[in-house]
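Visitor: I have a new structure to look at. Could you take me through the terms used for it, one by one?

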Amino acid sequence: MRTLPMLLCLGLSLGAQAEDLQKLTAEGKALIPPFQQQLMATVKNAMQSGGPVVAVESCQLLAPQIASQHSQQPWSVGRTSLQVRNPANAADAWEQQVLQEFAQQQASGQPLAGMQKVAVVDNELRIMQAIAVGEPCLACHGKNLKPEVAAKIDQLYPKDQARGYDPGQLRGAFTLRRTLDNPLE
Ligand code: HEC
């Protein structure tokens, strides 16, 4: 007869945790659109005012700054890929697994738009959202880079793996994480 109150208790606290997680997940997901918009606007401006070579330079300078600007404590916001340009964006084991899942889901016919993954990993709430290659990305991530653009990328990123893409392919993902205050046991 003692088990009933215990179960109720457990049920309630799990319920409360689930609600918290839902709230935190919504909070994290809300950080993605402004981050994405600022990145897009920055590249677009740089392309228009200075052309693609200057835009590569601004991207190198500004992309990490924009990411830290959109990382509101305790959230950390960034981008990753299975083929990175900047080694600092390399995927960890969990991110690699999720990127592979995204690629498999796309291969089985699901659109990349809105593809997301949410999980609690080692007491962190983690969120990823797929990023597709669009036409404006091809100048720097496509198959036929202008020689001067390729040269600038080679100079700034000697280990670049992020070119040769076609439109519609999975380029990478937004990746967000925050520590959970109440560990899920
Ligand atoms: C003007 C050139 C340029 C254009 C256009 C461009 N990128 Fe990039 N991209 C870069 C550079 C440079 C980096 C490395 C930034 C850094 O050092 O963090 C990068 C990094 C990334 C990353 C982070 C992972 C990695 O490889 O380091 C993603 C994801 C990405 N770009 C996606 C896109 C998408 C999607 C588009 C089109 C909407 C796009 N890029 C357009 C130059 C460009």
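Visitor: How many helices and strands are in the chain?

Guide: The chain has five helices and four strands. This is a predicted model. From the N terminus on, the order is α-α-β-α-β-β-α-α-β. The C-alpha atoms fill a box of roughly 75 × 35 × 25 Å along the principal axes.

Visitor: What makes His141 (NE2) a donor to the iron atom of the ligand?

Guide: A donor here is an N, O or S atom within 2.8 Å of the metal. The NE2 atom of His141 is 2.1 Å from the iron, so the NE2 atom counts as a donor. His141 is the single donor from the protein. This residue is found in helix H4.

Visitor: How many residues surround the ligand, and which are closest?

Guide: There are 22 of them. The closest are Cys137, Cys140, His141, Tyr157 and Arg171. A residue counts if one of its heavy atoms lies within 4 Å of the ligand.

Visitor: What makes the approach of Arg171 to the ligand a polar contact?

Guide: The cut-off for a pair of N or O atoms is 3.5 Å. An N or O atom in the side chain of Arg171 is 2.4 Å from an oxygen atom of the ligand. The pair therefore qualifies.

Visitor: How do you know that Arg79 and Arg85 qualify as well?

Guide: Set them against that cut-off of 3.5 Å. For Arg79, a side-chain N or O atom is 3.4 Å from a nitrogen atom of the ligand. For Arg85, a backbone N or O atom lies 2.7 Å from an oxygen atom of the ligand. Both values are within the limit, so both pairs are polar contacts.

Visitor: Which residues are closest to the centre of the largest pocket, and how much space does it hold?

Guide: The largest pocket holds about 1,300 Å³ of space. Of its 49 lining residues, Leu39, Cys59, Arg79, His141 and Arg171 are closest to the centre. The elements that give two or more residues to this lining are helix H2 (32–69), strand E1 (76–80), strand E3 (124–132), helix H4 (138–141) and strand E4 (170–179). H2 gives the most, with 14 residues. The lining divides into 28 nonpolar, 14 polar and seven charged residues.

Visitor: Why is the other space called a cavity and not a pocket?

Guide: A pocket is open, but a 1.4 Å probe placed in a cavity cannot get out. The structure holds one cavity of 30 Å³ or more. About 50 Å³ of space lies in the largest cavity.

Visitor: What makes eight residues of that lining nonpolar?

Guide: The lining consists of Leu39, Thr42, Val43, Ala46, Ala55, Ser58, Cys59, Leu62, Ala63 and Ile66. Ala, Val, Leu, Ile and Cys are among the residue types that count as nonpolar. Thr42 and Ser58 are not of those types, so they make up the two polar residues. No charged residue is in the lining.

Visitor: Why is the peptide bond between Gln73 and Pro74 singled out?

Guide: Most peptide bonds are trans. The bond between Gln73 and Pro74 is cis, with omega about 0°. Pro74 is found in the loop between H2 and E1.

Visitor: Why mention the phi of Asp122?

Guide: Most residues other than glycine have a negative phi. Asp122 has a positive phi, near 45°. Its place is in the loop between strand E2 (116–121) and E3.

Visitor: Which residues does UniProt list for "domain: Tll0287-like"?

Guide: The unreviewed UniProt entry lists residues 45–176. That span is 41% helix and 20% strand. Its end C-alpha atoms lie 26 Å apart.

Note on methods
Residues numbered from 1 in each chain as written. Predicted model: local features only at pLDDT ≥ 70, side-chain atom pairs only at ≥ 80, totals over all residues. Heavy atoms only, no water. 1 Å grid on protein atoms, 1.4 Å probe; cavity = no way out; pocket = protein on both sides within 12 Å on 5 of 7 lines; lining within 4 Å. Points joined across faces, edges and corners; volume = space filled by probe spheres on them. UniProt positions renumbered as here; feature names shortened; annotations may be inferred. Donors = N, O, S within 2.8 Å, 3.2 Å for Na, K, Ca; no water. Polar contact = N/O pair within 3.5 Å; in protein donor to acceptor, adjacent residues only side chain to side chain.
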